[in-house]
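Subject: Structure for you to look through

Hello,

Here is the structure I said I would pass on. Please open it and keep it on screen while you read the notes underneath.

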Amino acid sequence: MSFTVEERGNPNTLSYRLFFKNADGKYVSPFHDIPMYADESQNIFHVVVEVPRWTNAKMEIATKDPLNPIKQDVKKGNLRYVANVFPHKGYIWNYGAIPQTWEDPGHKDEDTDCCGDNDPIDVCEIGTKVCSRGDVIKVKVLGVLAMIDEGETDWKVIAINVEDPEAKDLNNIGDIQRLKPGYLEATVDWFRRYKVPDGKPENQFAFNGEFKDKEFAIETIKSTHGFWKALISQKTNSGGLNCKNTCVSAGDSPFCCSTDEAKAVIEGVSTVCFSMASF
């Protein structure tokens, strides 16, 4: 299964969008249409790369936009960038999300005692390659960190691309501690302090900032997949999210649309964005 991306607008502008197509050239939502599993029998997951390592632009799947393109986050009309928090440069991993997952803001997690953050579950991919924005990679999960972001549960899955030369040696969170000393500590430090330059307090963590193991992480991902299933089938409140999709069967999702409808949506979105950018 392969996917390509189509850029609309210019990077570092409000009009920039990155749309996704499948191998048949059909527009798809990276939130809803890309399968969560790349290989369910081996617990291999797909990850949509939003932010390549070492970069600063805060790119994300636009969960409230039609067909959920990747775009740059905006606050008070300004594009958002993460600061370089010494000694780190930008994001210190390839950062992205697992499709077909959702951290339900109506569900209070029994471990964190906080509700979900209304986004797909986040992934820090720690391999040696710097990915490109919009890459869809296959990863094996190694562990998870439970961050509390302004009172919301925001899981950070730690994973590695299965094609990475280090993947064969990294199978659980303990392997990272042994083979990449300091990396997990740097990850906690980054998430704790990255919003401080913007005047916000340090983030907090459940489990005293300790990483949970592979099995815990996989069960957490599966639970967020269950929340997504309820979302896409309209069994729970969408909370303003856009669930339009082209590949989930119409019987499973009332939001399923045709290829022509998807094209019309994207052309309409692009026209509006470009008009806004011209002012």
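Ser 15 counts as buried, because its relative accessibility is 6% and the cut-off for buried is under 20%. This residue sits in the loop between β1 and β2 (17–22). Its side chain makes a polar contact of 3.1 Å with the side chain of Thr 13.

Please bear in mind that this is a predicted model. The protein chain has a mean pLDDT of 94, and 96% of its residues reach 70 or more. Residues 274–279 are another matter: pLDDT stays under 50 there, and the model has four contacts beyond four places in sequence for this stretch. Where pLDDT is low, the predicted coordinates should not be read in detail.

Next, the pockets. Which residues lie closest to the centre of the largest pocket? They are Lys 58, Glu 60, Asp 73, Asp 117 and Asp 119, out of 34 residues that line it. The space in this pocket comes to about 880 Å³. By class, its lining holds 19 charged, twelve nonpolar and three polar residues. Several elements each supply at least two residues of that lining, among them β6 (59–61), β7 (70–72), β13 (152–161) and α2 (183–193).

The second largest pocket has a volume of about 270 Å³. Its lining is made up of 16 residues, and those nearest the centre are Asp 135, Val 136, Ile 137, Lys 138 and Glu 163. Six of the lining residues are nonpolar, five are polar and five are charged. Both β1 (3–8) and β12 (136–149) give at least two residues each to the lining of this second pocket.

The helix α2 is worth finding on the screen, since it also helps to line the largest pocket. What do the buried residues of α2 pack against? Their partners are β10, β11, β12, β13, α1 (173–179) and β14 (204–205). The residues in question are Tyr 183, Leu 184, Ala 186, Thr 187, Val 188, Trp 190 and Phe 191.

Now for the backbone. Most residues other than glycine have a negative phi, and most peptide bonds are trans. Three places in this model depart from that pattern, as set out here:

- Phe 86 and Pro 87 are joined by a cis peptide bond, with omega at about 5°. Pro 87 is found in the loop between β9 (78–79) and β10.
- Glu 150 is not a glycine, yet its phi is positive, at about 50°. It lies in the loop between β12 and β13, and it counts as exposed because its relative accessibility is 55%.
- Phe 207 is not a glycine either, and its phi is positive too, at about 60°. This residue is in the loop between β14 and α3 (214–232). With a relative accessible area of 23%, Phe 207 is partly exposed.

One last residue to look up is Asp 113. Is Asp 113 buried or exposed? It counts as exposed, because its relative accessibility is 53% and exposed means over 50%. Asp 113 belongs to the loop between β10 and β11 (122–125). Its C-alpha atom is 8.9 Å from that of Ala 206, although the two residues are 93 apart along the chain.

Regards

Terms used
Residues numbered from 1 in each chain as written. Predicted model: local features only at pLDDT ≥ 70, side-chain atom pairs only at ≥ 80, totals over all residues. Heavy atoms only, no water. pLDDT = per-residue confidence, 0-100. Contact = heavy atoms within 4.5 Å. 1 Å grid on protein atoms, 1.4 Å probe; cavity = no way out; pocket = protein on both sides within 12 Å on 5 of 7 lines; lining within 4 Å. Points joined across faces, edges and corners; volume = space filled by probe spheres on them. Helix = DSSP H or I, 4+ residues; strand = E, 2+ residues; numbered from the N terminus. Nonpolar A, V, L, I, M, F, W, Y, C, P; charged D, E, K, R; others polar. Buried < 20%, exposed > 50% of the residue type's maximum accessible area, 1.4 Å probe, protein only. Polar contact = N/O pair within 3.5 Å; in protein donor to acceptor, adjacent residues only side chain to side chain.
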